[in-house]
Every structure is written in C-alpha cells, then in structure tokens.
Amino acid sequence: MSTRIAFLKGHGTENDFVIIPDSDNAIELSPAAVAALCDRRAGIGGDGLLHVVRSAVHPEASHLADRAEWFMDYRNGDGSIAEMCGNGVRVFARYLQRAGHAVEGDLAVATRGGVKTVHIAKAESGGEITVGMGRASLPEGDVTVSVGDHRWPARNVNMGNPHAVAFIDDLSEAGNLYEAPPFSPASAYPDGVNVEFVVPRGPQHVAMRVHERGAGETRSCGTGACAVAVAAARKDGLDPAVTGSPATYTVDLPGGRLVITERPDGEIEMTGGAVIVAEGEIASEWLETASA
C-alpha cells in the first residue's frame, strides 16, 4: 500500500519552500529527492526545502535540543545543504504556529548556523515575523564579482553563510543570474557564495537582486538582505558598534520588502512576512522514482 508523505508549501517575500514535517526524522531525503521535490515542472517547486525535525532526534542538532525544540534541516533547491536561510526561518516558524507547535511571541529555532531567536507578532499587529539573525562578520581582503564585461568590487559579508555584496548603477547590469556570477579570488569562497547586487533607493533604503548558491536567482534572500544592510551601512559610514545607535535599512527585493536592523551589540534582526499557501500529500513511490 502506498505510503503518503505530508508536505506544505510556503513563502517569505516570495522566496518559496517545500515543507516536509518529520518530527521523528524518519524520512530519508537524499539530495536527489530534495531536487525532485523542488523541481518546478516535475515536482512541487521551491527555492529550497524545510525539513521540520525535533532537534533531539537529529544528529546535527541534538546538542542544541536544550535550547531549541525544533531543527530547521534546510536544503537548497538542488539538494545541497546550507547553513541558514533567513526567509526559511520565518516560514519554518509560521509552519510551527500553524501546526500548533508555537504561538505568538518568542520562539527558538535550531539551524546549522546556530540557534535563532524568532518573534511572531500578533495578528492585529500584522503578524510579521522577526528573526534574530546573529552577527555579521566582515572578512578582510579584496573580492570582485563579474557579469559579462562588467566587473565590480564586492564586500565580503558572512551571515553564517557567505555573501559577496556589490553596489552597481542599475540592477539590470546583473544579467539573468541563472548561473553563479564569477568571483575572485577563488580562495575567498571555497564552497561558493551568494552574490547580491545593490542600488540605492533613498536614505537607508536599497534595492537588490541575488544569486543564491545552489538555487540561482531567487525572489528574496533573508541572509542576503542582512548582508546588504550591513554592507550599505558601512558604505554610508554607519557602524552601530561605534555610533551606539541601531542602524535600520529597508531592503526591497523582487518578492517584497524586508526591514533589517543592526544593533550596537552587533545582533541583526530581520522582519518580514511569511505565508503558508498549500498543503497536501505525495506518494513515497513517486519520490523514490523521481529521485532515482
């Protein structure tokens, strides 16, 4: 008899995800299986996959179980593993709320990038979700990225995953972003990098496009928006650790708007929406065949 696997579909500023609830970590999700589920023509479709597992039963998260009940086992759309996904955390939290595992207020979520603090606002306040994204690190060294004949200096920002942030004159210069933009030196990002292209829109307001490592161009990237806000603040001469005042940037992405605040202690908060749009079941036989 066919085994049915439950799934949901959700998005955060149109960065969309397949959600697989699996509290006991009983479902084997190979890279090929994840890629099949995320395929937009032959599968469900998504920029990535959120595997919802209790921290205590996952070997990569059991050491975090005393701090966070749930682990976001995040995968890129091509099946590769990623350390963190900011939009994914918001959608993950929205799923937990929908499933009755979380309520309005504060929530801790374990990720490969550490435990993230989440706040789910009350519905009458808009219901947006704020995620504590940790601190950014700014590795030293010159980095460049290129698209066609264009070549730009980029700011190296790490948000638990690597980013190269380039300020350009027009977002169209970034091309189609289907393929990863070349960067140099290769030693700066031995495991690849997320590349953000940024233009100003006003005081502490920018717009961006992004090529996400393992997914191509996506409609939104939470860690990318945080990296952009930090890079833009430094470009504007703002460092909250020096000024003693938070720096808040509005970041427009193709899929919507995120608000990023860097506090004087270095902690970064990201606020935006998260929506569950569908749920259903797939047959395990289909998944086995599709991922073979």
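What percentage of the 292 residues in the protein chain is buried? I looked this up before anything else. Buried residues make up 52% of the chain. I keep in mind that this is a predicted model.

**Overall form**

I counted the secondary structure next. The protein chain has 5 helices and 18 strands. Its C-alpha atoms fill a box of roughly 60 × 40 × 35 Å along the principal axes. I then checked the radius of gyration, which is 19 Å. A compact globule of 292 residues would have a value near 19 Å, so the two agree.

I turned to contacts between residues at least 6 apart in sequence. Of these, 61% join residues at least 24 apart.

**Surface and charge**

The chain exposes about 12,600 Å². Carbon and sulfur atoms supply 48% of that area. I tallied the charged side chains as 24 positive and 39 negative. The centres of the two sets lie 3 Å apart.

**Cores**

Which residues touch the most other members of the largest nonpolar core? I found Met72, Val118 and Ile260, in a core of 52 residues. Helix H3, residues 222–235, gives the most to this core, with 9 residues. I also noted a second, separate core of 17 residues. Val143, Trp152, Ala174 and Val195 are among its members.

I went back to Met72 and listed its contacts, leaving out residues up to four places away in sequence. Met72 touches Leu50 and His51. It also touches Met84, Cys85, Gly88, Val89 and Phe92. Val109, Ala110, Thr111 and Arg112 complete the list.

**Helix H1**

Which residues of helix H1 (residues 31–38) are buried? I read off Ala33, Val34, Ala36, Leu37 and Cys38. An α-helix has 3.6 residues a turn, so residues three or four places apart point the same way. I then asked what the buried residues of H1 pack against. Four strands and one helix came up: E2 (15–21), E3 (48–54), E4 (70–76), E18 (275–283) and helix H5 (284–290).

**Asp149**

Where is Asp149 found? I placed it in the loop between strand E8 (143–147) and strand E9 (150–158). Is Asp149 buried or exposed? Its relative accessible area is 84%; the cut-off for exposed is over 50%, so Asp149 counts as exposed. I also compared its position with that of Asp106. The two are 43 residues apart in sequence and 47 Å apart in space, C-alpha to C-alpha.

How values were computed: Residues are numbered from 1 along each chain as its sequence is written. This is a predicted model: local features need pLDDT of at least 70, side-chain atom pairs count only at pLDDT 80 or more; totals for chains, interfaces and linings use all residues. Side-chain values use heavy atoms; hydrogens and water are left out. Helices (H or I, at least four residues) and strands (E, at least two) are DSSP runs, numbered from the N terminus. Buried means under 20% relative accessible area, exposed over 50%, partly exposed in between (1.4 Å probe, protein chains only). A nonpolar core is a set of buried Ala, Val, Leu, Ile, Met, Phe, Trp, Tyr and Cys residues joined through side-chain atoms within 4.5 Å. Contact means heavy atoms within 4.5 Å. The radius of gyration is taken over C-alpha atoms; the globule rule is 2.2 Å times the number of residues to the power 0.38. Accessible areas come from the Shrake-Rupley method with a 1.4 Å probe; for residues, only the protein chains shown count as cover. Lys and Arg count as positive and Asp and Glu as negative; His and the chain ends are not counted. The place of a charge is taken as NZ of Lys, CZ of Arg, CG of Asp or CD of Glu.
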